[in-house]
Amino acid sequence: MTLKHLRIFAEVCRMESITEAAKNLNMAQPAVSNAIRELEAFYQVKLFERMNRRLYITNAGEYLRGYADSILTQFEESRDILQDIAASTRIRIGSNVSFGANYLPKIISDFQSIHPEIPLFTMIQNSSHIEDCLLHNELDFAIVDNLSSHAGIRQTLIKEESMFALCSPNFSFLPAFSSTFLHSHHTHDKSDSFRQLSPELSIQDFEKIPLLVREPGSGCRDMLDKRFHQYGIQPKISLESVSTQALLEFCLHGQGVLFLPKAQALDYITSGKLLEIHVTDAEFKRYYYFIYHQKKYLTKSMKYFLDFMLKA
């Protein structure tokens, strides 16, 4: 049995497919199947069962998976430790989409101006995917806003941000508001003197108004789902997308209401392209957390970045 066997086994577990694991490992499918058979022969147990064209891990397989993940992680960390003695090791940083678009570029730029010798890799994905990568040691640090209760994660709140509800000035539902709800209103940004007509809604109105939302697993979607659930509301979702840009285009063309972080929303409000909807009886906020695994070995490079983030 070798580390290669364990890497193949771990990837088959992750993908729940020999075919997909072979693609990811750039190996022939028979070679992957053979490695699994060799492991089963070595341990004299069945690691997977195939039923209805699907692959299911057995109890013995789950047991080995825990050891395999630990062994592979320790091997990679030992490599990082030894490399860090002589040189700066690469730091892998993940972020959810909103923070990654609005704040992470400046953070990365500021850090690299202090430590130009440290190579960085950055991944932008939804919060659940980023956290999953962190737990599988595919990332060293992450910034998310949809935090699970995983006991192995260390977390620090680094930012909170208001979410603005937005719609197009020619949103088809606006005439229904205009006689009663339309009023002249300042944006929340006190430094901005721009005034515009802004509809005012109750949170209950979102059961009747088409809503444009991110996919499940996104921090923004999770925040909205929890808020609406808190008020016993089932929102009328008309579009769900992994692309914030796609949601924006639909919003700009009057197809529904979109929630955006303040940093993204203000440009659209001040330019008059979108109106801010004032929700009278509820606040929508996002909380961004800097996270890493408590068992993660921190190289010197990682300690520099950790210290930088906690002081920022």
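## A guided tour of cavity, pocket and packed helices

Searching the whole structure turns up 1 cavity of 30 Å³ or more. Keep in mind as you look around that this is a predicted model.

**Stop 1: the cavity.** Select Arg214, Cys220, Thr244, Phe259 and Leu260, which lie nearest the centre of the largest cavity among the 15 residues that line it. Its volume is about 90 Å³. Now colour strand S10 (210-214), helix H9 (219-230), helix H10 (244-252) and strand S12 (257-261): each of them supplies at least two residues of the lining. Which element gives the most to this lining? Strand S12 does, with 4 residues. If you colour the cavity lining by residue type, you will find 10 nonpolar, 3 polar and 2 charged residues.

**Stop 2: the domains.** Zoom out and give each domain its own colour: domain 1 (3-87), domain 2 (88-159 + 288-311) and domain 3 (161-180 + 195-285). Notice that domain 2 is written as two stretches of the chain, and so is domain 3. The C-alpha centres of domain 1 and domain 3 lie 44 Å apart.

**Stop 3: the pocket.** Keep those colours on and select Thr73, Glu76, His136, Asn137 and Glu138. Of the 32 residues lining the largest pocket, these are the closest to its centre. The space in this pocket comes to about 1,100 Å³. Where does the pocket lie with respect to the domains? It lies between domain 1 (3-87) and domain 2 (88-159 + 288-311), because both give residues to its lining.

Next, show helix H1 (3-15), helix H4 (59-86) and helix H7 (127-135), the elements that give two or more residues to the pocket lining. The largest share, 11 residues, comes from H4. By residue type, the pocket lining divides into 8 nonpolar, 9 polar and 15 charged.

**Stop 4: H1 and H2.** Stay with H1 and add helix H2 (residues 18-25). The two helices pack at an angle of about 125 degrees, and their axes are 8 Å apart. That angle makes H1 oblique to H2. Turn the view until one helix sits in front of the other, and you can follow H1 passing H2 in a right-handed crossing.

**Stop 5: H6 and H12.** For the last stop, select helix H6 (residues 104-114) together with helix H12 (residues 300-311). Here the packing angle is about 125 degrees, with the axes 11 Å apart. H6 is therefore oblique to H12. The crossing of H6 past H12 is right-handed.

Technical notes. Residues numbered from 1 in each chain as written. Predicted model: local features only at pLDDT ≥ 70, side-chain atom pairs only at ≥ 80, totals over all residues. Heavy atoms only, no water. 1 Å grid on protein atoms, 1.4 Å probe; cavity = no way out; pocket = protein on both sides within 12 Å on 5 of 7 lines; lining within 4 Å. Points joined across faces, edges and corners; volume = space filled by probe spheres on them. Nonpolar A, V, L, I, M, F, W, Y, C, P; charged D, E, K, R; others polar. Domains from an automatic or database assignment. Axes fitted to C-alpha atoms, helices over the stretch in contact; angles between N-to-C directions. Parallel < 35°, antiparallel > 145°, perpendicular 65-115°, else oblique. Left-handed = near helix turned anticlockwise from the far one by under 90°.
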